[in-house]
Amino acid sequence: MISGIGYFGVRPREGYGELERRTIGAAALEVGAIGLGCMPMSWAYSSSQQRGDRSLRTVHTALDAGSTLLDTADMYGPFTNELLIGRVLRQRRHDAFVSTKVGLLAGDQHVVANGRPGYVKRACDASLRRLQTDVIDLYQLHRADPEVPVEETWGAMAELVSAGKVRALGLCAVGARAARRAGPAGGGRSGAERAGGKRAAPADLYEQTIRQLERVQQVFPVSAVQAELSVWSPEALVRLLPWCTARGVGFLAAMPLGNGFLTGTLTPGQGFEPDDVRARHPRFTAEMMAANQPIVAGLRRIAERHGPGATPAGVALAWVLAQGPHVVAVPGAKREEWAAQNAGAASLRLSPYDLAEIAQLPPARGSWD
């Protein structure tokens, strides 16, 4: 086993207005408690709204606000998202914590996993060139290749750490949508329902991911796990987040704003462009967006209690951060104002009353319900 350690912890803010910082990795590498998901700038969301110059300003705004973790992947675009981030890193490498991913190849109509060790090493070199940097702070396995033992893939990634090309390793959990479609397993209230007030997914929702994590931990330590976590998708609270907490592994909360729904800025029936993932998402039909409005209304009530400047999105992000000091929220954003508002949510502290009210919000519904 190659030695190493990965963990998150909280460092108190040094002054008023500074974004809380949390640490990751053997060298206690610091990141802002709220990062920036860069995917929407180049991939999966309304291509007509993807503008290079505006995206560059958004990344700079996030860094200025203390959102130092920039989360990207080679498949976003593909490749164009890393190229975009590289333009910023060329000027501000020391201000950023760079997280990118490997293991998925995007075709015209499909996505294929590739975890062959030789490919992983070539992909890392290509990412370094596009990002215009000599080291990746966190290199994540996007998906395990079913045709390659995950230990072999992880071993190749660990060699990249030894070579000085990567500082820490992470693993992305498989998405929760399929398990949510299957519905709760058995009767009664599950762990996620008790923790987050929502209907839980089947008990084995993240068991495959946990098995992978336990296997790769024998090769090289996992510094972080990235998985969906939000007010309307709390399934990770059942097993995955406790697994990370017990082992000192950091948790990157993907889609903490529910693909934009929890911001309260989307209108039921507004429609989405054909290339937007929400056009095919079971929670974004006009009927389901209308049915899930009570969730946003509840977040808005709480925001109003916190005074001017507080928003439903801010409350949703504050809820994610309240799940543990090792949790970092990674909301996606395409615009400067959204990146700034998201970063500001780190200063919002929810009371026990607020958290109890969120726990009593109705479970999110999708068109499979």
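# A guided reading of the predicted chain

Ala346 is buried, its relative accessible area being 3%; the term buried denotes a relative accessible area under 20%, exposed one over 50%, and partly exposed a value in between, with a 1.4 Å probe and protein chains only. This is a predicted model, in which local features need pLDDT of at least 70 and side-chain atom pairs count only at pLDDT 80 or more, while totals for chains, interfaces and linings use all residues. Residues are numbered from 1 along each chain as its sequence is written, and side-chain values use heavy atoms, with hydrogens and water left out.

Ala346 sits in the loop between α12 (336-344) and α13 (352-359); helices (H or I, at least four residues) and strands (E, at least two) are DSSP runs numbered from the N terminus. Leaving aside residues up to four places away in sequence, Ala346 touches Leu19, Ile34 and Leu321, where contact means heavy atoms within 4.5 Å. Trp319 stands 27 residues from Ala346 in sequence, and their C-alpha atoms are 10.0 Å apart in space.

The protein chain as a whole has 13 helices and 13 strands. Of its 369 residues, 56% are buried. Among contacts between residues at least 6 apart in sequence, 74% join residues at least 24 apart. The accessible surface comes to about 15100 Å², and carbon and sulfur atoms account for 52% of it; such areas come from the Shrake-Rupley method with a 1.4 Å probe, and for residues only the protein chains shown count as cover.

A further buried position is found in helix α1 (residues 52-65), which contains Thr58. Thr58 counts as buried because its relative accessibility is 0%. Apart from residues up to four places away in sequence, Thr58 touches Leu36, Met41, Ala333, Lys334, Arg335, Glu336 and Ala339.

The segment before α2 (80-92) has two backbone features. Gly77 and Pro78 are joined by a cis peptide bond, with omega about -5°, and Pro78 belongs to the loop between β5 (69-71) and α2. Phe79 is found in the loop between β5 and α2 as well. Its phi is positive, near 75°, in a residue other than glycine. Phe79 counts as partly exposed because its relative accessibility is 40%.

Helix α3 (residues 117-131) has 15 residues, so at 1.5 Å a residue it should span 21 Å, and its end C-alpha atoms are indeed 21 Å apart; the expected span is 1.5 Å times one less than the number of residues. The buried residues of α3 are Tyr119, Val120, Ala123, Cys124, Ala126, Ser127, Leu128, Arg130 and Leu131. An α-helix has 3.6 residues a turn, so residues three or four places apart point the same way. What covers the buried residues of α3 includes α2, β6 (97-102), β7 (104-106), β9 (136-141), α4 (150-162) and β10 (166-172). After α3 comes Gln132, with a positive phi near 55°.

Helix α4, which helps to cover α3, also contains Val150. Val150 counts as buried because its relative accessibility is 4%. Not counting residues up to four places away in sequence, Val150 touches Leu141, Ala144, Arg215 and Val216. Val150 and Val216 are 66 residues apart along the chain, yet their C-alpha atoms are separated by 7.0 Å. Val216 is itself one of the buried residues of helix α7 (residues 207-216), along with Glu207, Thr209, Ile210, Gln212 and Leu213. These buried residues of α7 pack against α4, β10, β11 (224-228) and α8 (240-246).

The second largest pocket holds about 220 Å³ of space. Of the 14 residues that line it, Arg93, His94, Ala96, Asp137 and Arg167 are the closest to its centre. On a 1 Å grid over the protein atoms alone, a pocket is an open set of points where a 1.4 Å probe fits, with protein on both sides within 12 Å along at least five of seven lines, and lining residues have an atom within 4 Å of a point. Its volume is the space filled by probe spheres set on the points, which are joined across faces, edges and corners.

Another positive phi occurs at Asn259, about 55° although the residue is not a glycine. Asn259 is found in the loop between β12 (250-254) and α9 (286-291), and counts as buried because its relative accessibility is 9%.
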